[in-house]
Amino acid sequence: MSALLKRRFVDQIKVMFGAEPSKPKEIGPAAQKIHFYKKGNRDLIAEKLHARAHAEHKNTWRNRRWATLIFANLLFTLSFFLDIQILEGALTASRFVGFHLIDLNSALQVMLAHKHIINNLLIGTGTVLLLWVLLGGRTFCSWVCPYHLLAEWAEKIHLYLAKKKLVTDQTMDRRLRTVFWAIFALLALATGYTVFEAISPTGILSRALIYGPGLALLWVLALLFFEVFFSRRAWCRYACPIGLTYGVVGIVSPVRIIYKLDACFHEGDCRKVCLVPHVLDTVIKGRAVETEVPIGPDCTRCGLCVDTCPTGSLSFEVKGLSKLA
Amino acid sequence: MSENEIESDRENGGNTPRKPTPEGKPAVSIAKRQTNRRRVLRTILLTGGVLGAALSGFLPLVYAQKKRLRPPGALDEKDFLGSCIKCGQCVQVCPVSAIKLADLVDGMGVGTPYIDPRNQACDFSCDAVQCILACPTGSLTYHKPDFLPVRPGAALAAKPILIAKEKDAEPTLNMHERIGVARLTRPEACLAIQGKGFKGQTRGPDFKGQLRYMAVDRWKPVKISSHPYDLAECDLCVRECPVKGAISIETVFAPDGSKRKSPVVHEPCVGCGVCEMVCPVEPTAISIEAGEVWKS
């Protein structure tokens, strides 16, 4: 990893905690060359228009992801409903054919509130930690969390209404999520109750899917309502501590999206579909510090940008392995 | 000159440097400042909203409306609420579906397991305490960690003996504390005290509750409604109690000096709630006081 990418790596961690991405102060010579070449290049503009006209909109990764998300949640439901006992429990804690799996944020809440850690809790947390380090951290958000799917649909409604100029996206300060993370951790520690778990839409939805609906779904509905009419993806973007916990795990994950500068036309389609567009600041004209830039840890690896990019400049990569798709 | 510098030069309109404000920060237009201020306000509002929702979870605790009967092996309420991860694995292993998960109105208790014994009591038809085994966080536990105190009267004098497996090599349940105590809350309604018998389905034909009848099948609990009774003197609560020595029919003296038969609860009562479930009178004459300790 070059010194420039190392610097960017650290910057992206700050960005995850809420800092605004900034213009790089220095750009590598190879990237510099491409930036220069692209400047006002008429051939390139013609090429861009051509690519655009022939670009096929794919939903490959979205479909794979939705299928995975639905399958994972269905496996919980069926394990109980049909008593096949493959994945028992809910997203907060479960047993996969006997192996303990415990959601990292829920485990943290319980450890801080109860201040006593039994072996099963430790084993389950360790297993899940390892799993998501390997799979990409916030991959949990977009590939497993049931609230993510509902929020994605709510986002579609929001964008439709925004296009009709009926609503506007009220953005907030992204540092709020870090503040919430700290507040909920402190609340658990100080009060001895798992305060966040009472309002976690992930937990509420997961239990509703497995054990049947309840009044708690009203809170989830309220959140979706807020996201449709006021603020795009507000819960995931500005509030959810689960996302930050998994984001931290994702810092060291080998699974990530990689950006290749040479073919990019810098049209910003990827940033429009992205849940966390601040991780894609590198695609803005003149920002990429190297010819290949890995996307930061706040990325949920949802693949929407990969599907959307007309030039294939964004793709999944497993560090150390050959590139995927 | 790097490309970056060229770009920033252009932004600044050639060679003239941008005029710095007195604080040395770049000038911000009024419109932009207004947008920023609104954004800060919105952020504060969202903080308030989410925190308000989260803290509203404390309300049910402050008002402590109802004490719920927790599954066997549950820690004391405060510790239970702090340690339960709300996964429902205890729900999944219960053969009679006695364990339910609490809803939004229970605040911090949302998603925590409880038993409503009148509808479905814990009859230990799993022959052990499977729910404790399933619990990943130790909210339900065989042995309380040392730093958590045991309230006087909560500890059982001995491990409870399960009548159903009395003849097994290991007849006891691995339980050290009771989850509640049965109490004859409405003695005036009790059929035994009135000297009455009971004939038919206790709780009626539509009652969904299940119970293990050793005479029917040791491993398969059946609906109570499928098991009608014909008793000259009602002793249902004693007859169906799964724990040895927890309750018996005793002769007592009424205030007017007359001899009466009455169910009497003893120290081995763990608070499972079978007596409450099978009591044929409405509302029940005997009920579980959740989280209560034994007072001799």
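In this predicted model, 13 residues of domain 1 of chain A are in contact with 15 residues of domain 2 of chain A. On the domain 1 side, the residues that touch domain 2 break down into seven nonpolar, three polar and three charged. As for where the two parts lie along the chain, domain 1 takes in residues 3-60 together with 254-318, while domain 2 covers 85-248. Their centres, taken over C-alpha atoms, sit 28 Å from each other.

Stepping back to chain A as a whole, 15 helices and six strands turn up. With a radius of gyration of 21 Å, close to the 20 Å that the globule rule gives for 325 residues, chain A is as compact as a globular protein of that length. Along the principal axes, the C-alpha atoms fit in a box of roughly 60 × 45 × 35 Å. Burial comes out at 46% of the 325 residues. Sequence separation adds another piece to the picture: take the contacts in chain A between residues at least 6 apart in sequence, and 72% of them turn out to join residues at least 24 apart.

For a look at how helices meet inside chain A, α8(A) and α11(A) make a handy example. Helix α8(A) spans residues 146-163 and helix α11(A) spans residues 217-229, and the pair pack at an angle of about 35° with their axes 8 Å apart. The crossing of α8(A) past α11(A) is right-handed. From α8(A), the contact draws on A:Tyr147, A:Leu150, A:Ala151, A:Ala154, A:Glu155, A:Ile157 and A:His158, and these meet A:Val220, A:Leu224, A:Glu227 and A:Val228 of α11(A). Sorted by character, the residues of this contact are eight nonpolar, one polar and two charged.

Then there is the meeting of the two chains. Here 39 residues of chain B are in contact with 51 residues of chain A. On the chain B side, the elements that put in two or more residues are α1 (3-11), α2 (30-55), α4 (77-83) and α5 (89-93). The largest share of that side comes from α2(B), with ten residues. By character, the chain B residues that touch chain A split into 17 nonpolar, 14 polar and eight charged.

Definitions and conventions:
Residues are numbered from 1 along each chain as its sequence is written. Chains are lettered from A and ligands numbered from 1 in the order in which they are written. This is a predicted model: local features need pLDDT of at least 70, side-chain atom pairs count only at pLDDT 80 or more; totals for chains, interfaces and linings use all residues. Two residues are in contact if their C-beta atoms, placed from the backbone, lie within 7 Å. Helices (H or I, at least four residues) and strands (E, at least two) are DSSP runs, numbered from the N terminus. Ala, Val, Leu, Ile, Met, Phe, Trp, Tyr, Cys and Pro count as nonpolar, Asp, Glu, Lys and Arg as charged, and the others, Gly among them, as polar. Axes are lines fitted to C-alpha atoms, for helices over the stretch in contact, and angles run from 0 to 180 degrees between N-to-C directions. A crossing is left-handed if the near helix is turned anticlockwise from the far one by less than a right angle, and right-handed if clockwise. The radius of gyration is taken over C-alpha atoms; the globule rule is 2.2 Å times the number of residues to the power 0.38. A residue is buried if 20 or more other C-beta atoms lie within 10 Å of its own, exposed if 12 or fewer, and partly exposed in between; C-beta atoms are placed from the backbone. Domain bounds come from an automatic or database domain assignment.
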